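The following note sets out several points on the structure for a colleague's consideration. The points concern the annotated domain, the core, the salt bridges and the surface.

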Amino acid sequence: MKQYRIGELAKLASVSSRTIDYYTSLGLIEPSGRSEKNYRLYNDETLIRLKRIEQMKKDKFTLDEIKASLDEWSKVSPAEQVSQKLADLELQLTRLQREVKELEPVIKTLKPKQANKFYTRVVPQTIACIEALMILMNKNNLM
């Protein structure tokens, strides 16, 4: 298994070395060992975990929420991971539905040109999400 020093890992994950130090101090990631010169070493699993952390940050999760989610992921089997991920998706869909309901009164006040611009941006992304879910569900015989 490939081992990375902090600088290498930072470059591969497109984050700073300080970010890796910070995440290590929070317990979000852990070194897999030490080099002969006592450098912390990280493996491919850490790289995957680091990319997941960065994606969750982009999705507006707090570091506490990310840590809780990652802790849960490390406790479960692959089948439970799929089940948990589907539950997470369901929560996200519920959150999105709530946000859409909150936006409905605002959307109704938009001028036709503004509304058209809004729908032109949102509809393709919405359709892509629905298609991705349908493919996932069909692929795993969930439908």
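1. K67 is partly exposed, because its relative accessibility is 30%, a value between the 20% limit for buried and the 50% limit for exposed residues. The model under discussion is a predicted one. D71, with which K67 forms a salt bridge at 3.5 Å from N to O, is likewise to be classed as partly exposed, at 29% relative accessibility. The two residues are four places apart in helix α4, and about one helical turn therefore separates them.

2. The salt bridge just described belongs to a short list, as a search of the whole structure finds three. By way of background, side chains of opposite charge can pair when their charged atoms come close.

3. Another salt bridge joins R40 to D21, with 2.6 Å between the closest N and O atoms. R40 is placed in strand β3 (residues 40–43) and D21 in helix α2, so this pair ties together parts that lie 19 residues apart in sequence. R40 is partly exposed at 22% relative accessibility, and D21 is partly exposed at 31%.

4. The remaining pair to be noted is E54 with K57, whose closest N and O atoms are 3.9 Å apart. The cut-off for a salt bridge is 4 Å. Both E54 and K57 belong to helix α3, where three residues, or about one turn of the helix, separate them. Is E54 buried or partly exposed? E54 is buried, because its relative accessible area is 18% and the limit for that class is under 20%. Its partner K57 is partly exposed, with a relative accessible area of 38%.

5. The domain assignment comes from a record: an unreviewed UniProt entry annotates residues 1–72 as "domain: HTH merR-type". In the model, the chain over residues 1–72 is 60% helix and 11% strand. The C-alpha atoms at the two ends of this stretch are 24 Å apart.

6. Which residues have the most contacts inside the largest nonpolar core? They are L9, I20, L50 and I53, in a core of 17 residues. Two or more residues of this core are supplied by each of the helices α1 (6–13), α2 (17–26), α3 (44–58) and α4 (63–75).

7. The surroundings of I53 deserve a separate point. With neighbours within four places in sequence left aside, I53 is in contact with Y23, L28, I29, I66 and L70.

8. L12 is located in helix α1. At 41% relative accessibility, L12 counts as partly exposed. Apart from neighbours within four places in sequence, its contacts are Y4, L47 and K51. The C-alpha atom of L12 is 31 Å from that of L93, and the two residues are 81 residues apart along the chain.

9. On the surface, a nonpolar patch is formed by V82, L86 and L136. Together these residues present about 210 Å² of accessible area. V82 is situated in helix α5, which covers residues 78–108.

Notes. Residues numbered from 1 in each chain as written. Predicted model: local features only at pLDDT ≥ 70, side-chain atom pairs only at ≥ 80, totals over all residues. Heavy atoms only, no water. UniProt positions renumbered as here; feature names shortened; annotations may be inferred. Patch = residues over 30% accessible without salt bridge, like charges linked within 9 Å, V, L, I, M, F, W, Y side chains within 5 Å. Areas by Shrake-Rupley, 256 points an atom, 1.4 Å probe, with all protein chains shown as cover. Salt bridge = Lys/Arg side-chain N within 4 Å of Asp/Glu carboxyl O. Core = buried A, V, L, I, M, F, W, Y, C linked by side-chain atoms within 4.5 Å. Buried < 20%, exposed > 50% of the residue type's maximum accessible area, 1.4 Å probe, protein only. Contact = heavy atoms within 4.5 Å.
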